[in-house]
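Open the model in your viewer and keep the sequence panel beside it. This tour goes from the whole chain to single residues.

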Amino acid sequence: MRDPVTVSTGQTYDRSSIESWVATGNTTCPVTRAPLADHTLIPNHTLRRLIQEWCVAHRSMGVERIPTPKQPADPDLVRSLVAQGPVLPALRRLRALARESDKNRLVMATRETRAALVEVAFGSSGSDEEVAAEAMAVLALVGLGEAEAAEVVGREDRVARLAKALNGAAALEARVNAGAVVEAAASASSAEARAALGAADGVVEGLVALVDDKGPAHARAVRVGIRALFALCLARENRARAVAAGAASALARRVADGSAAGEPERALAAVERLCRAEGGRDAVVAGAGGGQAAVRALVRAMSGRAAEHAAGALVAVVGGHEALQAEAVRAGAMSQLLLMVQGGCSDRAKRKAQHLLKLLRAAWPANDCIANSDDFLQPY
């Protein structure tokens with residue numbers, strides 16, 4: 001144990017372990033199996049000091065002393081700050097707490113806190129622009145639940161406010177915060193609500209602008225834009241609009257130059273979906289810098305968790321284009337695909353790899369033994 005905490009049944013666990021237990025939907029004490037009356041975790045200072053003393057006593061054996069963990073925000077403090085309403089100092093304190101740690105954000109992610117922040121962020125409580133922007137910044141860090149997402153997406157005036165914040169002349173940080181709220185709302189909404197959010201004027205266009213941002217502090221903007229576009233493109237109805245707004249080209253550029261801001265999987269997943277929309281394939285090719293550049297970028301990306309989506313996008317890019325199929329083989333797609341088929345990928349990823357292998361078969365060298373083998377070429 002590094003951070004021992006006691007639950008309502010009196011049992012003590014390491015904080016990260018019991019938090020993981022509860023986060024996966026368990027509502028009972030792991031040892032006693034008794035229901036947890038609440039999820040309050042009380043630091044066990046006595047046990048922590050004993051652990052630290054034991055570490056110090058065994059320092060000569062290479063044991064390092066466990067530092068005193070920083071405790072999460074006090075829920076009473078959070079409630080007190082929220083109760084102050086649309087007051088700038090209180091919101092700034094909430095924002096500072098949310099920035100401090102995941103633990104603080106977990107404490108703050110209650111229905112009451114989120115609902116109050118939504119009311120302030122969207123002006124329902126008569127708050128001014130600066131106060132509303134600060135509340136939006138806190139929401140961007142804390143996120144939205146299903147109920148709060150419905151309260152935002154279900155009202156045209158609130159969606160319009162998000163679109164205005166995304167496309168306004170405000171500082172980049174304010175636009176990024178609005179994008180993060182769009183992503184949170186889309187992720188927590190139903191398919192129908194997600195489609196409605198993407199159809200609102202200015203929403204997709206504002207997110208594309210974030211992905212295309214080239215400013216000195218652009219990394220967070222790009223990351224937020226990718227995540228939000230991915231969430232919106234889960235709805236089939238949003239894909240044609242996203243292509244028309246330049247999303248396919250913008251995402252392909254980020255994939256091609258390797259600047260997807262730590263979100264290659266979501267970027268490629270969105271690219272794969274947009275390739276299926278009208279004009280999407282051509283937009284991806286143009287954004288990547290041409291057919292050959294697009295093929296090379298997708299082959300490079302065909303590894304790890306993003307491999308499935310890279311393979312899916314590559315099917316769309318090279319399908320019906322013999323020259324690009326040959327380029328994919330030259331770029332090393334065959335070995336990557338064989339690794340996917342033989343490795344620990346999901347069944348869906350293996351099916352995509354097998355389909356692409358079959359598609360590229362005519363471009364394989366005539367003397368390659370695999371070219372004459374059906375071992376890896378199962379139906380898609």
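The stops below start with an overview and then move through selections one by one.

**Whole chain**

Keep in mind that this is a predicted model. Show the protein chain as a cartoon. You should find 22 helices and three strands. Now reduce the view to the C-alpha trace. Along its principal axes, that trace spans about 70 × 60 × 40 Å.

Switch to a surface. The protein chain exposes about 18200 Å². Carbon and sulfur atoms supply 52% of that area. Of the 380 residues, 48% are buried. Take the contacts with a separation of 6 or more: residues 24 or more positions apart account for 64% of them.

Colour by charge next. There are 46 positive and 42 negative charges in the protein chain. How far apart are the mean positions of the positive and negative charges? The answer is 3 Å.

**Residues 1–61**

Select residues 1–61. UniProt lists this range as "domain: U-box", in an unreviewed entry. Over these residues the chain is 36% helix and 13% strand. The end C-alpha atoms of the range are 18 Å apart.

**The sheet**

Now pick out the strands. They form an open sheet of three, in the order β2-β1-β3. The pairing is antiparallel. Which strands stand at the edges? They are β2 (12–14) and β3, and each has a single partner strand, so one side of each is left without a neighbour in the sheet.

Zoom in on β1, residues 4–6. This strand pairs with β2 over three bridges, in the antiparallel sense. Show Pro4 as sticks and look across: Pro4 stands opposite Asp14 in β2.

**Arg33, in a loop**

Select Arg33. This residue is in the loop between α1 (15–23) and β3 (42–43). Is Arg33 buried or exposed? Arg33 has a relative accessible area of 54%. The cut-off for exposed is over 50%, so Arg33 counts as exposed. Check the backbone too. Phi of Arg33 is near 65 degrees, a positive value in a residue other than glycine.

**Gln52, in α2**

Go on to helix α2, residues 45–57, and select Gln52 within the helix. Gln52 has a relative accessible area of 5%. Buried means under 20%, so Gln52 is buried. What is Gln52 in contact with, leaving aside its neighbours within four places in sequence? Show Arg65, Ile66, Pro67 and Thr68 to see these partners.

**Leu106 and α6**

Move to helix α5 and select Leu106. Leu106 is exposed, at 57% relative accessibility. Draw a distance from the C-alpha of Leu106 to the C-alpha of Ala135. The two residues are 29 residues apart along the chain, and these atoms are separated by 17 Å.

Now select helix α6, residues 111–121. Its buried residues are Thr113, Arg114, Ala115, Leu117, Val118, Val120 and Ala121. Colour the packing partners of these buried residues: α3 (75–83), α4 (88–100), α5 (102–108), α7 (129–142), α8 (146–153) and α9 (156–167). Then step just past α6 to Gly123, which takes a positive phi of about 75 degrees.

**Glu192, in α11**

Select Glu192 in helix α11, residues 191–199. Glu192 counts as exposed, at 68% relative accessibility. Draw a line to Ala323. C-alpha to C-alpha, Glu192 and Ala323 are 40 Å apart, with their places 131 residues apart in sequence.

**Gly289 and α18**

Select Gly289. This glycine is in the loop between α17 (280–288) and α18 (291–300). Gly289 is exposed, with 59% relative accessibility. From its C-alpha atom to that of Val87 is 49 Å, and the two are 202 residues apart along the chain.

Finish on α18. This helix is mostly covered, with seven of its ten residues buried. Show them as sticks: Gly291, Ala293, Ala294, Val295, Ala297, Leu298 and Val299. What do the buried residues of α18 pack against? Colour α15 (247–256), α16 (264–275), α17, α19 (307–318), α20 (322–330) and α21 (333–342) to see these partners.

Methods
Residues numbered from 1 in each chain as written. Predicted model: local features only at pLDDT ≥ 70, side-chain atom pairs only at ≥ 80, totals over all residues. Heavy atoms only, no water. Helix = DSSP H or I, 4+ residues; strand = E, 2+ residues; numbered from the N terminus. Buried < 20%, exposed > 50% of the residue type's maximum accessible area, 1.4 Å probe, protein only. Contact = heavy atoms within 4.5 Å. UniProt positions renumbered as here; feature names shortened; annotations may be inferred. Areas by Shrake-Rupley, 256 points an atom, 1.4 Å probe, with all protein chains shown as cover. Lys, Arg positive; Asp, Glu negative; His and termini not counted. Charge placed at Lys NZ, Arg CZ, Asp CG, Glu CD. Pairing = 2+ DSSP bridges.
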